[in-house]
Each structure stands twice: as structure tokens, then as C-alpha cells.
Amino acid sequence: MPLLPAWHSQIIAVEADVHRILIAMLLLSAMAAGQQKRFDWAPTQSRNYQLEPEKWQAAVNYGITPLHLRIAVRATNPVTLAVVRSDDWNNALQHKEALAQLPLLCPTQGLTRSTYTCDLDNLDGERILIVRDEHRPNAVISDALTLGIRQATRNLAAPTELTLTGLRWACVEGCDPAQYAWVNAFKEKFQLTQIGKTYGPLTPDRDGDEMHVKLKAPVPMLVAVLPVAAADRLRANPAQADALLAGVECKQRAAQSVDFNCKLKLQDGTQQVVLMPEPGINVPKKKAEIKVDAVRCVANCQNR
């Protein structure tokens, strides 16, 4: 069998080294990506309550789905949380004596700044989360000895403030970020009229989100980006355009061929593009073209 030239062996060796390097780089990238993500209990919806001493109160109706509750509890006085069947709760509301013998599931007392947990898979009906303020009226006596009568009375009179915040297991660091890109929002070729046209709504996801407006028209046009209410006022009162557009940053006057960008602000809310011939212009029977592009979330939008 003929021997391969030395240079050929060297090429094979180099190719093998490159292959190994590429594999190593891919593995390191995958490991780094995995290490960047961190999962933990993340807050979801919060609910606020004011409780009366020693009284049960319904908090959340969970229906008949299996329960796997993780709830952050923040209370100004110790509280008790428990889960009960809806039928039992409704019966107790009709017959007050039944409150003392409510069949409680996952009862937990003395909660002020902690996490309440309850896992129930097999349910035979709807379930309700109920809460009770443990602050007893007769506690004012012991409080008076240590805090003074005035402070003890104030503590008793003030209702217990309770905040319940649902928790879910989720990525909290190094998560796949939301991806944004330019997308076409509106594109139209239309017959000119004296009546203004609006395009929208456009609601930014972030401060500084951009939109791009491109216009071609045979006559001078007014184009502006405004909150919905302001856009409606401008359409209804085109003769007052100077006053209504005072202070508006994203606008073009007497435009026939324009191509411009605008930055949107979250605080301004939902916007509309207003387009109309400049007031006093004779409108010919011709057409104009407008194209509006906007930056929008296109992937991993749940991580915004």
C-alpha cells in the first residue's frame, strides 16, 4: 500500500484539530448558556385585603383544578390561611355556627412575612382560599401593659392589612430575552379626500420603541403620531391643526415625500397615525401612499 505524502498527513491532522475545536466551542457555548439561566419562585398577581379580628374571609376561588399553591404572605398582624370546599364555605355563611367546624385543608397559622403552601391533587368540588386575622379584641389588655393604652387601642382599631402574591416557578436570570424587529403595521394606497385618515392603534412595549412612516402624495399633507383622543380631535377639527399639534414631536407638515422615524413613550399610551391634506389645500382626484413600520416583539415575547 503506497504511503501518503507528509503534507497530506499534516492536512488530515489539522482538519481533525479544527473539528475537535469546533466541538469544544459548541459544548462550551451550550454549557455557558445553561449556566446563565437561573430558576426561582417568581411573583405573579397580588391581591390586597383588610381583615377584621377573628373573622374568616374568602380570598380566592380556585375552582376544581388541582391546587399547587405557593403564596407570599405579607400581613401587619399574624393571619391564618386555609383551603375549604366551596359548599362548606357557603353553608357556613348561611349557618354561622358552622364556621367553628369548617373542614380546613392546609391550615397554617401565625403568618406575617412568609410563604403559604398547599398541594391538593384529588378534589371533589370547588375550593376557596380563606384567611382570618388572628388579632383578638382582648389582646388590647396585654398590649396596654407593654405599649400603653393609647397605642394598644390604636393597634386594635386599625384593620390588618394583608397582601397575597402568587408565586410560580420560572426563569429569573439569564432567560431567553424578548426579540424585537421591524414589522409592517400598515400599508395603503388610497384616494385623497378632505377627511383625515388614521392608522392604529400602535402601543409601544418599551420606552423608545420606534416607528417608521413613509409617505408619497401629490399635495402637501399633514402627518402626525398622536394619542388616540388627540388624533380624534385633530380629525374633527383640521382647521385647528396648529394649536392641536403644538408641542407634538412626531409630525411632518406640508409633506409630499417623507421618510422619517419616531420614538414612542410608554407614558403616552396607545398612539395613532393621523394623515390628511393640509388645511386649505384643494384636493385633486389622485391617490397617495403610506407605509408604517413599527418595532415589535417577534420571539420570546413572554419574557418582556
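Which strand gives the most to the lining of the largest pocket? Strand S9 does, with three residues. The views below show this pocket and other sites in a predicted model.

**View 1. The whole chain.**
The secondary structure comes to six helices and twelve strands. The chain has 304 residues, and 32% of them count as buried. Take the contacts with a separation of 6 or more: residues 24 or more positions apart account for 84% of them. About 18,800 Å² of the chain is exposed. Carbon and sulfur atoms supply 53% of that area.

**View 2. The largest pocket, with about 310 Å³ of space.**
The lining has 14 residues. Nearest the centre lie Val225, Glu249, Cys250, Lys263 and Asp268. Two strands each supply at least two lining residues: S9 (210–227) and S10 (251–263). S9 gives the most, three residues. By class, the lining divides into seven nonpolar, three polar and four charged residues.

**View 3. The second largest pocket, with about 200 Å³ of space.**
This pocket is lined by 15 residues. Closest to its centre are Arg47, Tyr62, Ile71, Gly166 and Leu167. Strands S1 (38–51) and S6 (160–173) each supply at least two residues of the lining, and so do S2 and S3. Which strand gives the most to this lining? It is S6, with five residues. The lining counts seven nonpolar, five polar and three charged residues.

**View 4. The largest cavity, with about 30 Å³ of space.**
The chain has one cavity of 30 Å³ or more. Its lining is made up of Phe190, Leu192, Thr193, Ile195, Lys197, Met221, Leu275, Met276 and Pro277. Strand S11 contributes the largest share, three residues. Seven lining residues are nonpolar, one is polar and one is charged.

**View 5. Glutamate 278, in the loop between strands S11 (271–277) and S12 (287–299).**
Is glutamate 278 buried or exposed? Its relative accessibility is 9%, so glutamate 278 counts as buried; the cut-off for buried is under 20%. Leaving aside residues up to four places away in sequence, glutamate 278 touches Pro220, Met221, Leu222, Arg253 and Ala254. One of these, Met221, also lines the largest cavity shown in View 4.

**View 6. Helix H2, residues 86–94, and its buried side.**
The buried residues of H2 are Ser86, Asp88, Trp89 and Ala92. Why do they sit on the same side of H2? They cover an arc of only 160° around the axis, and this puts them on that one side. Asp87 and Gln94 are exposed, on the face turned away from the buried side. What covers the buried residues of H2? The cover includes strands S2 (56–63), S3 (67–85) and S5 (127–133). Strands S2 and S3 also supply residues to the lining of the second largest pocket in View 3.

**View 7. Helix H5, residues 228–236, and its packing.**
Three residues of H5 are buried: Ala230, Ala231 and Leu234. Seen down the axis of H5, they fall within an arc of 100°, so they line one face of the helix. What do the buried residues of H5 pack against? Their partners are strand S9, helix H6 (241–244) and strand S11. S9 is also the strand that gives the most to the lining of the largest pocket, and S11 gives the largest share of the lining of the largest cavity.

**View 8. Threonine 65, in the loop between S2 and S3.**
Threonine 65 has a relative accessible area of 46%, so it is partly exposed; exposed would require over 50%. Which residue lies 60 places away along the chain, with its C-alpha atom 8.9 Å from that of threonine 65? That residue is glycine 125.

Methods: Residues are numbered from 1 along each chain as its sequence is written. This is a predicted model: local features need pLDDT of at least 70, side-chain atom pairs count only at pLDDT 80 or more; totals for chains, interfaces and linings use all residues. Side-chain values use heavy atoms; hydrogens and water are left out. Buried means under 20% relative accessible area, exposed over 50%, partly exposed in between (1.4 Å probe, protein chains only). Helices (H or I, at least four residues) and strands (E, at least two) are DSSP runs, numbered from the N terminus. The arc is that of the directions from the helix axis to the C-beta atoms. Contact means heavy atoms within 4.5 Å. Accessible areas come from the Shrake-Rupley method with a 1.4 Å probe; for residues, only the protein chains shown count as cover. On a 1 Å grid over the protein atoms alone, a cavity is a set of points where a 1.4 Å probe fits but cannot get out, and a pocket is an open set with protein on both sides within 12 Å along at least five of seven lines; lining residues have an atom within 4 Å of a point. Grid points are joined across faces, edges and corners, and a volume is the space filled by probe spheres set on the points. Ala, Val, Leu, Ile, Met, Phe, Trp, Tyr, Cys and Pro count as nonpolar, Asp, Glu, Lys and Arg as charged, and the others, Gly among them, as polar.
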